[in-house]
Amino acid sequence: MRSLPTSRPWRIAFYLVALAALFLAPVYLQSSYSVRILVLVCLFGAASTGWNLIGGYANQISLGHTVFFGIGAYATVIFQGTLGLSPWLAIPTGIVLAVIVALLIGWPTFQLSGHYFALATLALLPVFHIIATYWEDLTGGSVGISVPILPSGLDTLQFDTPTPFFYIAAVLLVLVMILARWVRQSVLGLQLDAIRLNPQASTLAGVNQFRAKMKALVMSAAVVAVAGSLYGAFLQFMDPDTAFSWNTTLNLVLFAMVGGVRFWWGPALGALILIPFGEFASAQLTGNLAALGQLAYGVLLILLVLFQPRGIGGLFSIVWQKATGRKL
Amino acid sequence: MDILNHVAQSVANGLLIGSVYALISVGLTLIFGVMNIVNFAHGEFLMVGMFGAYFASTAFGLDPLWIAPLIGIAGFLLGALVERTIIEPIIKAPQSAQIIATVGLGIILANGAAAIFGNNFLSVKTPYQGETFSLFGLHFAATFVYAAAYAVVMAVLLALFLNKTRFGKAMRATAQNRGAAQLLGIDPKRMYMVAFGLGVALVTLAGSVILPYTLVYPFIGQQYVLIMFTVVVLGGLGSIRGAIIAGLVVGVIQSLSTLLLPSELQNLPVFIVFFIALVLISGGVLSRVRNASVKLKRS
Amino acid sequence: MGLEITDLQSGYGNIEVLHKISLAVDDGDYVAVVGANGAGKTTLLKSISGTVRAKGGSIVFNGNDLLARPAHKVPQLLIAHVPEGRQIFPELSVYDNLMAGAWLVKDKDQRAQTLGEVYDLFPRLKERSGQMAGTLSGGEQQMVAVGRALMLRPKLIMLDEPSQGLAPKLVTEMYQQLAEVHGLGTSVLLVEQNTTAALKYAKRAYVMEQGRITMSGSSEELRGSEEIRKAYLGI
Amino acid sequence: MSAILRVQDLSQRFGGLHALKDVSFDIIDGEILGIIGPNGAGKSTLFNAIVGVVPPISGHVWFKDEDLVGVPPHEVMAKGVAKTSQSVQVFDEMSVLDNVAVAALLKNDSIKSAREAARGELEFWGLQSFADVIAQDLTLAQRSTLELARAMMLHPAVLLVDEVMAGLNEVEVDQMLDRMMQANRERGVTLIVIEHNMRALMRISHRILALDYGAVIALGEPAEVSKNQRVVDAYLGVE
């Protein structure tokens, strides 16, 4: 058994190769368009991994994570564009605001069983869209805010090429994945797993479901807010439609579902597959046909639910188990 | 005196718009009450109804108000088809799967509409769009009055169906105890198909009815999601009568808030109502709702 | 003719509850199945009405294979099942509950006539016809459950512990009413914990223990049996 | 001979049904109390009311001078009153070890120590060789035992066991009884056991409480209760 590629040295070797492949990507990709896509993979992969902490691990489907993303994104552009402050200060601010919103939504809904959490999170989205549109002094209204061009550098998060930004995004993705893996294997992870599999039994096992879900939601909101902040810095622009877009939530859910919600690496895998595919599709489909790409996402969601609810990760784990005799 | 008049006008407007809110939400609560599924695509079905009426109006010159019953029938067929293909397989699946599947359905509908009609704001022209009625010194736009009249008629028809017909009673029986209904020879799958069809029929009909006073575009469903959810949560998930009352309440609150707030912010108080309802439910104040056993009582 | 069960194996998931059970209810028969909780009596009735899928054996009613039918098509053969715990529709009126029982009866006159018969049998239900069934007392709810099943004019009525939760006086009443129904030609398959009552009214009985039939015979034979006492109280 | 749990005037109501009527009794520290009664007598309702899964409408449950009524169930578990459920509730897609480790988290801050503790508990119940098996692959008897192990992992002072022997054969029942008595003897846990298997209950119970129509109709030594006319009537029915 020891010689099988399941043992620790093999695993570490695999992680190192994956890390090297990730960080060397700009070298062999060369075109800045490809690197830009990779930045999106990292940012949305990180955000989807964040969504998965509550949506996948605890099976509490949030349809409002766009809000945390948008809060983070607005924080950066407002700090840089309106207030002239460092984007690095915007990140903690975004986290704090997102966590406050998360607590307010989780507090009543996690005391209830049933559909209330999903309902409440979805209802949150139009509210923030309204606020961002109306509060013109802060957000620039529906026109949005653009960040002025600043001297490039780490302090301004503006660069001449997308490559430096890619490294920042990649570091975020790696950190978030480490967090997700750590949670999976932590006390909280086991509790969330119990809640996901059998809420009734987890109460009998002494699990405080409310607290476990709250912890996961807070972490989740914080992670997504950071990804949003970097997204704002990357675009150097934000308006209500971009920040509080229903598509963002959809993407976070979809990446996680495609990759496999039970796995810490599932959402990132989903992003890696779907984002380039989506970019390719939207380059090919123009005008009204652009909607067809999104339509395909909807079809994909339904097919996944009906036929492969565990995503690619689920398929992979079956193959893995057959090959190695071990569970993933 | 002037202020009093403003308030009265506002409340009256709120009741008109509120009855429409009840109409667009009642199908959502009907589906939940019978099947225990939240249809997250409900807003998109509203949009489908609006586009159906838009198409009938621009292609054949038919008035949305006249065509509405036909749109409702088409909506019923669409809903029944969707139930059979997508909902039926997940009726016993975990809640998360049901959420994702209906969300996926909504995405298909919205983007399907975008592919056909383009991502534009569209509207129809009707001869009565500028007309108003006056009563007791209050003024009402004809389009709102007609829409509200439809809502009242549909509420009455729905109540008659559920309380007076054999089929409606069998549907309520299935909602209250699926297993026992089955033992009596009632086919639950058939009931679910009809319930989902009816829920979709009501909301597509509503889409047709509201078209004369509003704009339609493929992603408008998202705009109505907040109102629909507030209405069904406030009324108690699965309670028809609750949804109707809550629809009126939400309409009045929203309308009154425009006296104080700019009209762009009229959904903010709606959200506050939604949030307060959630807090009250979780605090056990609306404990009736908490049991989620509010199963299609008398409407 | 009647109901014939041969080597029935049934259960939930991977767990087999009934191990090759055979029993018969002839036309016009009154059969009781008695046994302690957990013996598999409820599973037996559920397998007949198709709400639990059998894994082996056969169930045939008047020449029809019941195992080939989905649950909602079993009542079409005029088999009515009064489930354990009544399972009435709490938010429907008594009248509507009863009428739900006549869902398969398409003839309006027959529905009205049967309703009259049920009201004659349970005058209490007539008095309360407009009341929400959920607000009735336990005994009245039991009447609704039985009355609802009778609305089908079944050839075979199956009852799962109709005495459960009833005061002794009401138990006697319930059984007398049931005897009346049987007298009109309906076969009865009764599952009971309340052995005394069951054996008093049934013609024949089976004793079930741990998913097997351990004894059967006429009710008189079984009435005095020490075995039954033992099966319940373990002494 | 002190009471560890005192149930006082506990009542429960569902719709029109009076499921529990002023149920009162004491459980002595270290005893095994059997609960019997016909279907629908209110036995599981009583358990759910004690641990707060379905809180009662009135009454008290005194545990170490503290009223458990109104305390959320996971806190009741933490305080030392655990329960198993009527239909086996385990985490189907989790390993047997982790099933128990979830409960061990109450007293362990790390996964590692929780799993270690869980291993010990599995050994007590004879499940150690199944530690890495996924729970859904177990037999019914093993799953029932697993649920007991998970409940005992909370180190409860009182454990409520709801029909854990349903569907088990005689050999399995005997094994489970032995383990339960061992837990009672060696680990001092007070047991309240709902069981339809009378032979089993007679064998392990120090006293038996009989419920009918949601009310206590008898409480005493097993031999006494099984001869009690009201109990016999409740089971076999009266003329």
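This passage walks through the chain contacts, the nonpolar cores, some salt bridges and one helix residue of a predicted model.

Chain pairing comes first. Four pairs of chains touch, and the pair with the most contacts is A and B. Two pairings are missing from the contact list. Chains A and C share no contact, and their closest C-alpha atoms sit 17 Å apart. Chains B and D are likewise not joined by any contact, with 11 Å between their closest C-alpha atoms.

The A–B interface draws on 39 residues from chain A and 48 residues from chain B. Putting the two together buries about 3900 Å², and carbon and sulfur atoms account for 81% of that area. On the chain A side, H115(A), Y116(A) and L119(A) lose the most area to chain B, and together they make up 18% of what that side buries. As for polar links, the count of salt bridges between chain A and chain B is zero, and one residue pair is found in polar contact across the interface, with both residues at pLDDT 80 or more. Several helices of chain A, namely α5 (87-109), α6 (116-134), α13 (246-259) and α15 (290-307), each put at least two residues into the side that touches chain B. The top contributor is α6(A), which gives 13 residues. Sorted by class, this side of chain A holds 31 nonpolar residues, eight polar ones and no charged ones.

Next, the nonpolar cores. The largest has 303 residues, and the members that touch the most other members are I24(B), F40(B), F229(B), L5(D), I50(D), V81(D) and M180(D). F229(B) ties this picture back to the A–B interface: with its neighbours within four places in sequence set aside, F229(B) is in contact with L119(A), L122(A) and A123(A) on chain A, and with L28(B), F40(B) and F274(B) on chain B. Another core, apart from the largest one, has 46 residues, with L121(C), F122(C), A198(C) and A202(C) among them.

Salt bridges number 20 over all chains. One of the pairs is E117(C) with R153(C), where the closest N and O atoms are 3.6 Å apart. E117(C) belongs to helix α3 (residues 108-121) of chain C, while R153(C) is in the loop between α5 (138-150) and β7 (156-160), so this bridge ties together parts of the chain that are 36 residues apart in sequence. Both partners fall in the middle band of accessibility: E117(C) is partly exposed at 39% relative accessibility, and R153(C) is partly exposed at 31%.

A second pair in chain C joins E140(C) to R128(C), with the closest N and O atoms 3.4 Å apart. Here E140(C) is in helix α5 and R128(C) in the loop between α4 (123-127) and α5, and the two are twelve residues apart. Their surroundings are not alike: E140(C) has a relative accessible area of 5% and is therefore buried, whereas R128(C), with 27%, is partly exposed. This pair also belongs to a network of salt bridges that links R124(C), E127(C), R128(C) and E140(C).

Chain D offers a pair within one helix. R150(D) and E147(D) form a salt bridge with their closest N and O atoms 3.5 Å apart. Both residues lie in helix α5 (residues 140-152) of chain D, three residues apart, which is about one turn of the helix. Both charged partners are tucked away by the accessibility rule: R150(D) counts as buried because its relative accessibility is 1%, and E147(D) is buried at 2%.

Finally, a residue of chain A. A73(A) is placed in helix α4 (residues 65-82) and is buried, with a relative accessible area of 0%. Once neighbours within four places in sequence are left aside, the contacts of A73(A) are G228(A), S229(A), G232(A) and M238(A). Between the C-alpha atoms of A73(A) and A90(A) there are 8.9 Å, and the two residues are 17 residues apart along the chain.

Technical notes: Residues numbered from 1 in each chain as written. Chains lettered and ligands numbered in written order. Predicted model: local features only at pLDDT ≥ 70, side-chain atom pairs only at ≥ 80, totals over all residues. Heavy atoms only, no water. Contact = heavy atoms within 4.5 Å. Buried area = accessible area lost by both parts, 1.4 Å probe. Salt bridge = Lys/Arg side-chain N within 4 Å of Asp/Glu carboxyl O. Polar contact = N/O pair within 3.5 Å; in protein donor to acceptor, adjacent residues only side chain to side chain. Helix = DSSP H or I, 4+ residues; strand = E, 2+ residues; numbered from the N terminus. Nonpolar A, V, L, I, M, F, W, Y, C, P; charged D, E, K, R; others polar. Core = buried A, V, L, I, M, F, W, Y, C linked by side-chain atoms within 4.5 Å. Buried < 20%, exposed > 50% of the residue type's maximum accessible area, 1.4 Å probe, protein only.
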